[in-house]
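Visitor: I'd like a close look at one part of this model rather than a quick tour. Could you pick a helix, tell me which of its residues are buried, and then work outwards from there?

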Amino acid sequence: MKISALLVNYHTTPLLTGAVTSLREQQGINGLEIIVVDNSESDNEYARLRAALPSIVQTVQNQRNTGFAAACNTALAHASGEAVLLLNPDARLRPGALAHLVTTLFASLRTAAVGPLTFWDDEERFALPPSTFPSRSDYLRRAVSRLHPHLGARYAQAFRHKALQLWTARAPVQVEALSGGHVLLKRTAIDKAGGLFDERFFMYWEDSDLMQRLHHAGYRLFVAPRAHAIHHYDHHPGKDALMSQGWPIYRAKHLKGRLSTRLAEFIERHAAPGLPTPPELQPIAGEAIHIPVPTALQSAWLLEVSPAPDLVPAMGCIGQGLHAEIPAKCWQRFTGGRYFIRLGSATLHNAPQTCWSWLN
């Protein structure tokens, strides 16, 4: 079976070469083709990219930055695989991950896409949250959660429960969405859903749109927890700006004209946030954050980190012992805003206990 791996470069050659290396080191995979599209608008950057990559990797130089969605479509036009892997430059597949993804993807005709269990750090302590997209029902539930702290707490707890189920799973888990930064898709499912990405999305929301279309085409999506990946995700205000640019396109395409959407938008305009802002924690610049764990939690705790005050979504670290820690190299990836920490029980039926925030 042939697999086509598609990557997009925008002045990220050192990172991207690491992602390519992780692909070339996958075992049990025959016929892997790797295609990189360069969006850097720089002949010098493209020359560095070409010199850093092995000759087996196909490269395409765009004369302008067409955006992530369009660049992926360009790469797909050069691809010949029965399965298509999308991988961000700052992501890495762990050994054996691709074989597990392929097995899960082709175990059922109804499966369109499979993602790995993805971690924030190389030590695989902090797992990234389940991917979501605002379906009509969830968009309304999210808005209603702003009406009262009790509703906000219930919404946040439901997401936390879903995240814990994913992070502790041993068998493939059906999910509502997958990240376009690390996902394996059937080529036939892409075609049936109307193509890979809608190029009106420059960056962000294009994968949410694809997941919606795959659902509408009758497909299912899974995370294969035996397949591990690392994604050194960072967050800064510039990403929020890009996300806000794509949201009106997504809303018009999937939510516009619905009574539930109009109600949700009315609530968003008039309601305050459903949960109060937690007290502020003052970290020491350049150092890890150490949090003492109450005795009742020391056998199994969950530490979460998020840019959202209700911690939807959040990275999660399950551990035990007297202290929980956020390594400096992790929390320094959050810049230019207020971020939130929560410590609680790692069992599914117990609510979190303590929450803090900090400015970074």
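Guide: Let's take helix H6, bearing in mind that this is a predicted model. Its buried residues are Gly-152, Tyr-155, Ala-156, Phe-159, Arg-160, Ala-163, Leu-164, Leu-166 and Trp-167. So that list mixes glycine and alanine with aromatics, and it has an arginine in it too, Arg-160. The helix itself covers residues 149-167, 19 residues in total. From first C-alpha to last, H6 reaches 27 Å, close to the 27 Å expected at 1.5 Å a residue.

Further along the chain you get to strand S9, residues 182-186, and here burial goes all the way: five of the five residues are buried, so the strand is largely enclosed by the rest of the structure. Look at which way the side chains go. In a regular strand they alternate between the two faces of the sheet. In S9, His-182, Leu-184 and Lys-186 point one way, while Val-183 and Leu-185 point the other way. Both sets are buried, and that includes the lysine, Lys-186.

Now for the strands that pair with S9. Strand S4, residues 83-87, runs antiparallel to S9 and is joined to it by five bridges. If you want a place to start tracing that pairing, Leu-87 has His-182 as its bridge partner in S9. Strand S6, residues 111-119, is also antiparallel to S9, this time with two bridges. There, Val-114 stands opposite Leu-184.

Loops are worth a stop as well. Asn-39 sits in the loop between strand S2 (32-38) and helix H2 (43-52). With a relative accessibility of 2%, Asn-39 counts as buried, since the cut-off is under 20%. Its side chain makes a polar contact with the side chain of Asn-62, at 2.8 Å. Leaving out residues up to four places away in sequence, Asn-39 touches Val-8, Asn-9, Tyr-10, Asn-62, Arg-64, Asn-65, Thr-66, Gly-67, Phe-68 and Ala-71.

Pick Arg-64 out of that list and you land in another loop, the one between strand S3 (58-61) and helix H3 (68-77). Arg-64 is exposed, with a relative accessible area of 56%. Not counting residues up to four places away in sequence, it touches Asn-39 and Glu-41. As for Thr-21, it is 43 residues from Arg-64 along the chain, and their C-alpha atoms are 26 Å apart.

What about the cysteines? The structure holds zero disulfides. Take Cys-330: the closest cysteine sulfur belongs to Cys-317, and at 9.2 Å that is too far for a bond. Cys-330 is buried, with a relative accessible area of 0%. Cys-72 counts as buried too, at 1% relative accessibility.

Stepping back, the chain has 11 helices and 16 strands. Its radius of gyration is 21 Å, close to the 21 Å that the globule rule gives for 360 residues, so the chain is as compact as a globular protein of that length. Along the principal axes, its C-alpha atoms fill a box of roughly 55 × 50 × 40 Å. Buried residues make up 52% of the 360. And of the contacts with a separation of 6 or more, 78% are between residues 24 or more positions apart.

Terms used:
Residues numbered from 1 in each chain as written. Predicted model: local features only at pLDDT ≥ 70, side-chain atom pairs only at ≥ 80, totals over all residues. Heavy atoms only, no water. Helix = DSSP H or I, 4+ residues; strand = E, 2+ residues; numbered from the N terminus. Expected span 1.5 Å × (residues − 1). Buried < 20%, exposed > 50% of the residue type's maximum accessible area, 1.4 Å probe, protein only. Pairing = 2+ DSSP bridges. Polar contact = N/O pair within 3.5 Å; in protein donor to acceptor, adjacent residues only side chain to side chain. Contact = heavy atoms within 4.5 Å. Disulfide = S-S within 2.5 Å. Rg over C-alpha atoms; globule rule 2.2 N^0.38 Å.
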